[in-house]
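The paragraphs below walk through one protein structure. They begin with charged side chains and then turn to strands and a helix.

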Amino acid sequence: MSVPIQPVPVPAGPGPGLSACARATAPGEERYRVQTPIRPARRARVIALDPRAEGVAARLAERPWAAARFFALTPGADSAPPPALRELGGAPVSLDSVLSGTDVTVVLASEDTGHRAAARIGRTCFERGITTAGVVLGDGFEADEAVAALRPYARVLLLSADEDDARELLTALRA
């Protein structure tokens, strides 16, 4: 003999019988939801100052980003008045065009070879109101001058031995 299954009565509105998730979707609860749309992705520019940092930038560039673009300091160009940059693919590009239309710049360094360029990039970003972040990879003593050059301009200055921290920073910036 089979026994018919009786439905369990569920309260109509929010109440102790419903889970928090169910109560959150109940009629009238939408007034508590955030109505502001999520801001679009930032137009980030990542600039590597030395060969090791360029390798990190190249690995980061392989990932899917919304609006990030990746550049490197041309080898031996640290003392040039405007830093000589190039796309990771090799085409030369001016700092002015790199920063045009951007709202955040992330400078990657692992040694001191690009410290003069770091200071010029940071100063230019500051003058244009572009948020600047610095990621110094490796042991801090290898890049003391790069850290000192970025310190006055970078809102975020991350010293890390783990290159995944650069990825996490770009993710947090919605790059």
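A salt bridge here is a side-chain nitrogen of Lys or Arg within 4 Å of a carboxyl oxygen of Asp or Glu. The model is predicted, so local features need pLDDT of at least 70 and side-chain atom pairs count only at pLDDT 80 or more, while totals for chains, interfaces and linings use all residues. Residues are numbered from 1 along each chain as its sequence is written, and side-chain values use heavy atoms, with hydrogens and water left out.

Over the whole structure, the search returns five salt bridges. One of them joins Arg 167 to Glu 168, with 3.1 Å between the closest N and O atoms. Asp 164 belongs to the same network as Arg 167 and Glu 168, through salt bridges that share partners. Glu 168 is partly exposed at 41% relative accessibility; on this scale buried means under 20% relative accessible area, exposed over 50%, and partly exposed in between, with a 1.4 Å probe and protein chains only.

Another salt bridge connects Glu 163 and Arg 59 through their side chains, at 2.8 Å from N to O. Glu 163 sits in the loop between strand 7 (156-160) and helix 6 (164-172), and Arg 59 in helix 2, so this pair ties together parts 104 residues apart in sequence. Helices (H or I, at least four residues) and strands (E, at least two) are DSSP runs, numbered from the N terminus. Both partners are partly exposed: Glu 163 has a relative accessible area of 29%, and Arg 59 has 42% relative accessibility.

Helix 2 also supplies a partner for strand 3. Glu 54 forms a salt bridge with Arg 86, and their closest N and O atoms are 2.7 Å apart. Glu 54 is in helix 2 and Arg 86 in strand 3, 32 residues apart, so the pair links distant parts of the chain. Unlike the partly exposed class, Arg 86 counts as buried, at 14% relative accessibility. Which residues does Arg 86 touch, leaving aside those up to four places away in sequence? They are Glu 54, Phe 71, Ala 72, Leu 73, Thr 74, Pro 75, Ala 91, Pro 92 and Val 93, where contact means heavy atoms within 4.5 Å.

Several of these names lead to the strands. Strand 1 (residues 44-48) and strand 2 run parallel and are joined by four bridges; two strands pair if DSSP finds at least two bridges between them. Across this pairing, Ile 47 stands opposite Phe 71 in strand 2. Between the two strands the chain passes through helix 2 (residues 51-61), giving a right-handed β-α-β crossover. Right-handed means that, with the strands pointing away from the viewer, the path from the first strand over the helix to the second runs clockwise.

Strand 2 also pairs with strand 3 (residues 85-87), here in the antiparallel sense and over three bridges. In that pairing Leu 73 faces Leu 85 of strand 3. Strand 2 (residues 69-73) is mostly covered, with four of its five residues buried.

Helix 6 has buried residues as well: Ala 166, Arg 167, Leu 169 and Leu 170. These residues lie on the same side of helix 6, because they cover an arc of only 160 degrees around the axis. The arc is that of the directions from the helix axis to the C-beta atoms. The elements that cover the buried residues of helix 6 include strand 1, helix 2, strand 2, strand 5 (104-109), strand 6 (131-137) and strand 7. Just after helix 6, Arg 174 adopts a positive phi of about 60 degrees.
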